Amino acid sequence: MSPGRSRFAPFLLAPLAAACLASCPEPSPSPAPAVEAPARATVAFDAARAWRDLEKQVGFGPRPAGSAALDATRAWLEAELRAAGLEPRREPFRAPTPRGEVDFANLYADLPARSGDAQAPLVILVSHFDTKRMDFPFVGANDAGSSTATLLELARGLAAAGPRSIALRFLFVDGEEAVRAQWIDPDNRYGSKHHAAQLKVRGERERTKAVIVLDMCGDRDLRFHRDPYSTAWLAELIFAAARREGLGAHVDGPRDPIADDHLSFLELGIPALDLIDFTYGPENSWWHTHEDTLDKCSEESLERTARIVLAALPDLETRLAARR
Ligand SMILES: [Zn+2]
């Protein structure tokens with residue numbers, strides 16, 4: 001990795017790493033109503049539509065936090081979620097950045113549990129939807145068009161399949177990217193840090209049982225990394241589901257600590273996983289460059305990512321049911 005290109009940050013989270021790298025502690029089970037048996041209904045994932053959603057985002061052009069293009073992207077996502085029968089909510093906030101105060105807004109939609117219990121265990125699926133601010137027209141097909149497209153189509157499919165034993169949240173976060181060229185705390189993860197803080201404010205922290213972050217999942221040569229910050233049991237659950245699905249070649253990639261939106265939830269003690277392929281082009285050389293374009297991505301990678309998540313969901317539900 002050339003200097004300045006890396007986002008591997010083994011030094012970044014020393015206290016957190018010491019506390020929970022081996023296996024991040026799960027919150028102790030809180031007394032709550034029983035969880036029903038997991039739903040095994042098939043969930044459709046229309047990969048062709050997901051690909052069109054990726055093309056749509058690239059069509060908006062560069063989409064850095066605070067830009068009109070990101071506003072347009074957010075409004076489009078909102079309309080698509082609404083069309084899927086979901087009720088998207090905006091989470092606006094203003095935060096200081098190296099470029100001054102910026103207005104951010106996350107977007108999320110919930111699929112409540114089948115029981116109707118407002119305190120049912122909550123699993124959050126996350127993608128950032130901003131692109132990194134560059135001094136050239138950076139369109140971010142893979143980062144973050146791919147994960148945003150995959151999460152949107154997952155939301156449609158899961159909403160159509162109906163409520164499950166657990167509640168699901170589809171969370172599109174603003175401002176994952178550092179405003180400066182380099183990733184130096186606290187200049188990054190603006191949206192996920194805000195949402196994590198809001199979980200506490202709204203009393204949702206305890207019911208949030210797992211967070212799965214999707215990022216850079218459109219690489220046509222797809223292989224997800226093993227990030228040691230990610231909660232061990234959650235990573236193994238997801239990767240095992242991938243192997244079972246015949247997608248084992250796309251997981252168990254290089255083991256490198258990666259700083260991403262999952263850290264914002266790990267900092268609260270919430271189990272979290274970064275499902276990221278951080279080898280985009282030779283030695284990750286397409287990452288954050290003019291090379292991050294549609295031709296480096298594939299519809300199949302969006303579909304494989306979705307299949308992995310969908311295969312893992314029932315396992316996650318079973319685990320959560322067993323622990324209550
Ligand atoms: Zn990025």
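Biologist: Which residue with a positive phi follows helix 5?
Modeller: Keep in mind that this is a predicted model. Past the end of helix 5 the backbone takes a positive phi, near 70 degrees, and the residue that does so is Gly-203.

Biologist: How far apart are the end C-alpha atoms of helix 5?
Modeller: Helix 5 covers residues 190-201, so that's 12 residues, and at 1.5 Å a residue they should span 16 Å. The model agrees with that, with the end C-alpha atoms sitting at a separation of 17 Å.

Biologist: Which residues of helix 5 are buried?
Modeller: Their cover includes strand 1, strand 2, strand 3, strand 4, strand 5 and helix 7. The buried residues of helix 5 are Tyr-190, Gly-191, Ser-192, Lys-193, His-194, His-195, Ala-196 and Leu-199.

Biologist: What about Arg-189: buried or exposed?
Modeller: Arg-189 belongs to the loop between strand 4 and helix 5. It has a positive phi of about 55 degrees, although it is not a glycine. Burial takes 20 or more other C-beta atoms within 10 Å. Arg-189 has 25 of them, so it is buried.

Biologist: Which peptide bond is cis, with omega near 5 degrees?
Modeller: Look in the loop between strand 4 and helix 5, where Pro-186 lies. The cis bond leads into that proline, and it runs from Asp-185 to Pro-186.

Biologist: And which peptide bond is cis with omega near 15 degrees?
Modeller: For that one, go to helix 4, which holds Ala-144. The cis bond is the one from Asp-143 to Ala-144.

Biologist: While we're on helix 4, how many of its residues are buried?
Modeller: Helix 4 has 21 residues, which should span 30 Å at 1.5 Å a residue, and its end C-alpha atoms agree at 28 Å apart. Just after the helix, Gly-162 has a positive phi of about 95 degrees. The helix is mostly covered, and of its 21 residues the buried ones number 17.

Biologist: Take Leu-151, then: which residues is it in contact with, leaving aside its neighbours within four places in sequence?
Modeller: Leu-151 is in helix 4, and it counts as buried because it has 29 C-beta neighbours inside 10 Å. Leu-125 is 26 residues from it in sequence, yet the two C-alpha atoms are 7.4 Å apart. The full set of contacts is Leu-125, Ser-127, Phe-170, Phe-172 and Leu-214.

Biologist: How are helix 4 and helix 8 oriented to each other?
Modeller: Helix 4 (residues 141-161) packs on helix 8 (residues 299-322) at about 50 degrees, and their axes are 10 Å apart. An angle from 35 to 65 degrees falls outside the parallel and perpendicular ranges. The two helices are therefore oblique.

Biologist: Which residues of helix 4 and helix 8 make the contact?
Modeller: The crossing itself is right-handed. Helix 4 brings Ser-146, Ala-149, Thr-150, Glu-153 and Leu-154, and helix 8 brings Leu-302, Thr-305, Ala-306 and Val-309.

Biologist: Where do helix 2 and helix 4 stand: what is the handedness of their crossing?
Modeller: Their axes come within 8 Å and cross at roughly 140 degrees. That angle makes helix 2 oblique to helix 4. As for the handedness, the crossing of helix 2 and helix 4 is right-handed.

Biologist: By class, what residues does the contact of helix 2 with helix 4 have?
Modeller: From helix 2 come Arg-49, Ala-50, Asp-53, Leu-54, Gln-57 and Val-58, which meet Ala-141, Gly-145, Ser-146, Thr-148, Ala-149, Thr-150, Leu-152 and Glu-153 in helix 4. Sorted by class, they are six nonpolar, five polar and three charged.

Biologist: How far apart in space are Asp-46 and Glu-303, C-alpha to C-alpha?
Modeller: Asp-46 is in the loop between helix 1 and helix 2, and it is partly exposed because 14 other C-beta atoms lie within 10 Å. Asp-46 and Glu-303 are 257 residues apart in sequence, but in space their C-alpha separation is 7.9 Å.

Biologist: Zooming out, what share of the residues in the protein is buried?
Modeller: The protein has eight helices and six strands. Among contacts with a separation of 6 or more, 82% join residues 24 or more positions apart. Of the 324 residues, the buried share is 48%.

Definitions and conventions. Residues are numbered from 1 along each chain as its sequence is written. This is a predicted model: local features need pLDDT of at least 70, side-chain atom pairs count only at pLDDT 80 or more; totals for chains, interfaces and linings use all residues. Axes are lines fitted to C-alpha atoms, for helices over the stretch in contact, and angles run from 0 to 180 degrees between N-to-C directions. Helices (H or I, at least four residues) and strands (E, at least two) are DSSP runs, numbered from the N terminus. Angles under 35 degrees count as roughly parallel, over 145 as roughly antiparallel, 65 to 115 as roughly perpendicular and the rest as oblique. A crossing is left-handed if the near helix is turned anticlockwise from the far one by less than a right angle, and right-handed if clockwise. Two residues are in contact if their C-beta atoms, placed from the backbone, lie within 7 Å. The expected span of a helix is 1.5 Å times one less than its number of residues. A residue is buried if 20 or more other C-beta atoms lie within 10 Å of its own, exposed if 12 or fewer, and partly exposed in between; C-beta atoms are placed from the backbone. Ala, Val, Leu, Ile, Met, Phe, Trp, Tyr, Cys and Pro count as nonpolar, Asp, Glu, Lys and Arg as charged, and the others, Gly among them, as polar.
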